[in-house]
Amino acid sequence: MDSAHRTLLYIGAKQNESLLRRLSDGAWLVVPAMSHHTAAKLARAPMAGLLDLTDGIHEDRIARVEQLSRSMLVAWVALVSQETLKWTAVRDVISTHCFGFVTLPTSHERIVNVVGQAIGMEVLRSEMEPPELNDASSSGVIGSSGAMLELHRTIRKVAATDAAVFISGESGTGKELTAQTIHAQSERCNMPFVAVNCGAVAPDLLHSELFGYERGAFTGATQRKIGRVEQAHGGTLFLDEIGDLPHESQVALLRFIQERKIERLGGFESIDVNVRVITATHQDMQAAVAEGRFRPDLFFRLCVLEVREPPLRVRGKDITELAMHALERFKDERDERARKIHGFAPDAIAALHNYGWPGNVRELINRVRRAIALSKGKVITADDLELAEHVSLAPNSLREARASADRRAIEVALFVHKGRVIDAARSLGISRVHLHRLMQEQGIPTRAAIDEAHDSTDPSDYE
């Protein structure tokens, strides 16, 4: 390969000749990456990649992206159309594999600039020490399970862009902590991070809370108030429980995202505000859109990139690590008795892993805090955790043990690969047909079944 050129891998349909000429003028050497013979000759230096998603998802292309990303330092940029960007599968690929995306049609100059930024970030990453993913002091996000490693990888990717992020997950999984971590790893890290819980503010007050008001706007408005959106100028605005946003505020938020301007209540001045918007909820937003409770055009703009929080029950060994972390954090040094607690009894460990954790990490922390107060020994027991009935849930036979292990492994693989059965099967080392059969035996729904049950929207709904 010519050392005077930077390498750009290309995966997609027929290449645009005029774009190729522009890239060549910019000292890029474009390599068709679907060819194993050609790609095998590449150096292992950082490089950029173009992934064409304008004609939708092709599993062989995505598999090739994953293969190359495991063996090389590649910063992928997705090419999408206005139509394909509306598809959940396309947004999943972008959030999982890509530095950023470009919506076509656009100028060749724009594509060249984004590709240049992508390889620049990849070079910086290659020169840095890899972060300790299980270091609680580095980000506050604790855990080294497969699901959490995937979450960390996704956080790093979305933090490198400035697109809107939607964090989905069950209640208590730590969505605000993930939003803070994205902000801390982004270029906006030195600017404000402003969080608003849309479900904790009265609906008739939320609009003025977000956008502020002028003196005299209503009875009791004795002075101007700067809204939370304006407070976040230059930084990140995190809207938790976005599903609870009233319709009036949905309209105002949509207008702000489109125009990047706000008007305070009672005011006439348009104010420019530059923020990155991150939203989160435990609700099924596809159902909220389908039922008319949430505007589809707003959801589309908020969910450019999606981050999925893993439920605690699929995090395996992280459960014990989180429990120990909570124990050390909440032992009261002024309480001589509590200070003598130094761990968990075997029955407590068994109960921690047998319990289903409907309240996730928040519930675990609360149970440990309560157990510290209740415990009378040197270790916390299952009784202290109020989980005694979950100690003896061991399988009665080898067959049950294997079935339980199979189910947990399948659930973790499906979560890590966002429900894509073919990718989950590949990671488990079995065929797609075999995985489908195991899922049927275990009563685990396929992604198609979930989508059919919960997603009755059509891409045209987002227009």
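**Two parallel sheets and their surroundings**

In strand S3, Met47, Gly49 and Leu51 point one way while Ala48, Leu50 and Asp52 point the other way, and all of them are buried. That fits the tally for the strand as a whole: S3 covers residues 47-52, and 6 of its 6 residues are buried. The model behind these values is a predicted one. Its chain has 463 residues, of which 46% count as buried, and it holds 21 helices and 12 strands. Among contacts between residues at least 6 apart in sequence, 71% join residues at least 24 apart.

S3 belongs to an open sheet of 5 strands, ordered S2-S1-S3-S4-S5 and paired in parallel. At the edges sit S2 (28-32) and S5 (98-104), each of which pairs on one side only. Ignoring direction, neighbouring strands in this sheet are turned by 25° against each other on average. Going through the pairings around S3, strand S1 (residues 6-11) runs parallel to S3 and is joined to it by 4 bridges. Here Leu9 has Gly49 of S3 as its bridge partner. On the S4 side, 6 bridges link S3 to S4 (residues 74-81), again in parallel, with Ala48 standing opposite Ala75 of S4. S4 in turn pairs with S5 over 6 bridges, in the parallel sense, and Leu79 stands opposite Val102 of S5. Helix H4 (residues 88-97) packs on this sheet, where it touches S3, S4 and S5, and the direction of H4 makes about 140° with that of S5.

Next comes the nonpolar interior. The largest nonpolar core has 39 residues, and the members that touch the most others are Leu51, Leu53, Trp76, Ile94 and Ile182. Helix H7 (residues 146-159) gives the most to this core, with 5 residues. Of the well-connected members, Leu51 is one of the buried residues of S3 already met above. Leu53 has a longish contact list once its neighbours within four places in sequence are left aside: Ile62, Ala78, Leu79, Val80, Thr84, Val90, Val93 and Ile94. Leu79 on that list is the residue that stands opposite Val102 in S5, and Ile94 is itself named among the members of the core with the most partners. Apart from this core lies another, of 31 residues, with Leu239, Leu253, Val273 and Phe299 among them.

A further open sheet also has 5 strands, in the order S7-S8-S11-S6-S12, and the pairing is parallel. Its edges are taken by S7 (193-197) and S12, each with a single partner strand, so one side of each has no neighbour in the sheet. On average, neighbouring strands here are turned by 20° against each other, direction ignored. Inside this sheet, S8 (residues 236-240) and S11 (residues 276-281) run parallel and are joined by 4 bridges, with Leu237 taking Val277 of S11 as its bridge partner. Helix H8 (residues 175-184) packs on the sheet and touches S6 (165-168), S7, S8, S11 and S12, and the direction of H8 makes about 150° with that of S6.

After the edge strand S12, the chain passes through a loop to a helix. Arg315 lies in this loop, which sits between S12 (305-308) and H14 (318-330). Is this arginine, Arg315, buried or exposed? With a relative accessible area of 4%, Arg315 is buried, because the cut-off for that label is under 20%. Leaving aside neighbours within four places in sequence, Arg315 is in contact with Ile142, Gly143, Ser145, Met148, Pro310, Leu322 and Val361. Of these partners, Leu322 falls within the residue range of H14, and Met148 within that of H7.

H14 also packs against helix H16 (residues 346-354), at an angle of about 120° and with the axes 9 Å apart. The two helices are therefore oblique to each other, and their crossing is right-handed. At the meeting point, Ile319, Thr320 and Ala323 of H14 face Ile349, Leu352 and His353 of H16 in contact.

Terms used:
Residues are numbered from 1 along each chain as its sequence is written. This is a predicted model: local features need pLDDT of at least 70, side-chain atom pairs count only at pLDDT 80 or more; totals for chains, interfaces and linings use all residues. Side-chain values use heavy atoms; hydrogens and water are left out. Buried means under 20% relative accessible area, exposed over 50%, partly exposed in between (1.4 Å probe, protein chains only). Contact means heavy atoms within 4.5 Å. Two strands pair if DSSP finds at least two bridges between them. A nonpolar core is a set of buried Ala, Val, Leu, Ile, Met, Phe, Trp, Tyr and Cys residues joined through side-chain atoms within 4.5 Å. Axes are lines fitted to C-alpha atoms, for helices over the stretch in contact, and angles run from 0 to 180 degrees between N-to-C directions. Angles under 35 degrees count as roughly parallel, over 145 as roughly antiparallel, 65 to 115 as roughly perpendicular and the rest as oblique. A crossing is left-handed if the near helix is turned anticlockwise from the far one by less than a right angle, and right-handed if clockwise.
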